[in-house]
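Hi,

Here is the structure I promised to pass on to you. Please have a look at it first, and then read my notes below.

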Amino acid sequence: MADSPYIVTLTADNFESVVIDGSFDRPVLVDFWADWCAPCRMLMPILAKLAEEYGGRFILGKLNTEEEQALAAQFGIRSLPTVQVFRDGRPVDQFMGALPEPQIREFLDRHLPRASDGLLAQAQGMLAAGELKRAQDLIERARAEDPENPRVALADIQIAAAQGRTEEAQSAIDGLPIELAHDPEVVALRGQLLFASALAGAPAPSDLERRLAADPRDSEARYQLAAHRVMAGDFESALDLLLDLVRRDRAYGEDAGRKGMVAIFDLLGGSGDLVSRYRARMMNALY
């Protein structure tokens, strides 16, 4: 096990490179353990066996919480063993306790890449290009090849949203399995649906711009114009509009300006220069 290329002992020195950076390439499973923890010792050989069996589809990181207390505290570890899976630089799911092997396999399979994910990635590209028919064909191929892939359901929701069927899409996303609730794609999709719903029956951007020029206090026009900007991918312009709304009219849409900014932060993955700058500006406007 010590010589396995799929199992890494984690320290403060290598955590960022192995877990944060590494999880952009493939999922990283972090096992938070301690010498005194008997369930930890029961779990370790199961995780090691699966890391070898899966042959590099994920990396297993072992973190001794007694030696790396700051890292354990950073990720909110309260009981041992705790196992977190990292994707795209952040923890997306976890389990606690020494689960039996079949349950751990089920947990892993929810987060590991599947063959049909390639088709769904192509469908995402078609959606971004506005080629809905080709995207739908790719989704149907993925469904036929791998009907158990939960991301097929996500793709269906994205198609519905792109076609303007926002109520149907919202109902479907509310019915997703609980294990997908905090998936980064689901969080981003909720944000997209928020702005897509705001555009139902909304005027064209040029009309909204004229309304704002005539009356800068027109909160509805400001919010709908921000929604147009989001759907066009112009997030900075949308954030400027929503920040103005936060400053001018917190009551509009039950704090729609702040909620809209938070939704955009989620769409952008919760990090990056744009998110950092506008989160600071939002906090200054609020307080």
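**A strand covered on both faces**

Let me begin with strand E2, whose two faces are both covered: Val28, Val30 and Phe32 on one side and Leu29, Asp31 and Trp33 on the other are all buried. In total, six of the six residues of E2 are buried. The split into two sets fits a general pattern: side chains alternate between the two faces of the sheet in a regular strand. Please keep in mind that you are looking at a predicted model.

**The sheet around it**

Where does E2 sit in the sheet? The five strands make an open sheet with mixed pairing, and their order is E1-E3-E2-E4-E5. At the edges are strand E1 (7–9) and strand E5 (90–96), each of which pairs on one side only. On average, neighbouring strands of this sheet are turned by 25° against each other, with direction ignored.

As you know, strands of a sheet pair through backbone hydrogen bonds, and they do so either parallel or antiparallel. This sheet is mixed, and here is one pair of each kind:

- E2 (residues 28–33) and E3 (residues 59–64) run parallel and are joined by six bridges. Within this pair, Val30 has Gly61 of E3 as its bridge partner.
- E4 and E5 are antiparallel, also with six bridges between them. Here Val85 stands opposite Asp93 in E5.

The hairpin of E4 and E5 has two residues between the strands, and Asp88 in this hairpin takes a positive phi near 55°. That may be a backbone angle you will want to look at.

Helix H2 (residues 38–53) lies across E1, E2, E3, strand E4 (82–87) and E5. Relative to E2, helix H2 runs at about 165°.

**Two buried side chains**

Which residues does Ile104 touch? Ile104 is part of helix H4 (residues 101–111). Leaving aside neighbours within four places in sequence, Ile104 is in contact with Leu43, Ile46, Leu47, Leu50, Phe95 and Leu99. Ile104 has a relative accessible area of 0%, under the 20% limit, and therefore counts as buried. For a sense of distance, Ile104 and Gly253 are 149 residues apart in sequence, and their C-alpha atoms are 43 Å apart in space.

Met261 belongs to helix H13 (residues 256–267). Met261 is buried too, because its relative accessible area is 0%. Not counting residues up to four places away in sequence, Met261 touches Leu239, Leu242, Leu243, Val246, Tyr278 and Met282. Between Met261 and Leu241 there are 9.5 Å from C-alpha to C-alpha, and the two are 20 residues apart in sequence.

**The whole chain in numbers**

Here are some overall values to go with the details:

- The protein has 14 helices and five strands.
- Its C-alpha atoms fill a box of roughly 70 × 50 × 25 Å along the principal axes.
- Of its 287 residues, 45% count as buried.
- Among contacts with a separation of 6 or more, 62% come from residues 24 or more positions apart.
- The exposed area is about 14,500 Å², and carbon and sulfur atoms supply 51% of it.
- There are 31 positive and 45 negative charges, and the mean positions of the two sets are 4 Å apart.

Happy to talk any of this through.

Best wishes

Terms used:
Residues numbered from 1 in each chain as written. Predicted model: local features only at pLDDT ≥ 70, side-chain atom pairs only at ≥ 80, totals over all residues. Heavy atoms only, no water. Helix = DSSP H or I, 4+ residues; strand = E, 2+ residues; numbered from the N terminus. Buried < 20%, exposed > 50% of the residue type's maximum accessible area, 1.4 Å probe, protein only. Contact = heavy atoms within 4.5 Å. Areas by Shrake-Rupley, 256 points an atom, 1.4 Å probe, with all protein chains shown as cover. Lys, Arg positive; Asp, Glu negative; His and termini not counted. Charge placed at Lys NZ, Arg CZ, Asp CG, Glu CD. Pairing = 2+ DSSP bridges. Axes fitted to C-alpha atoms, helices over the stretch in contact; angles between N-to-C directions.
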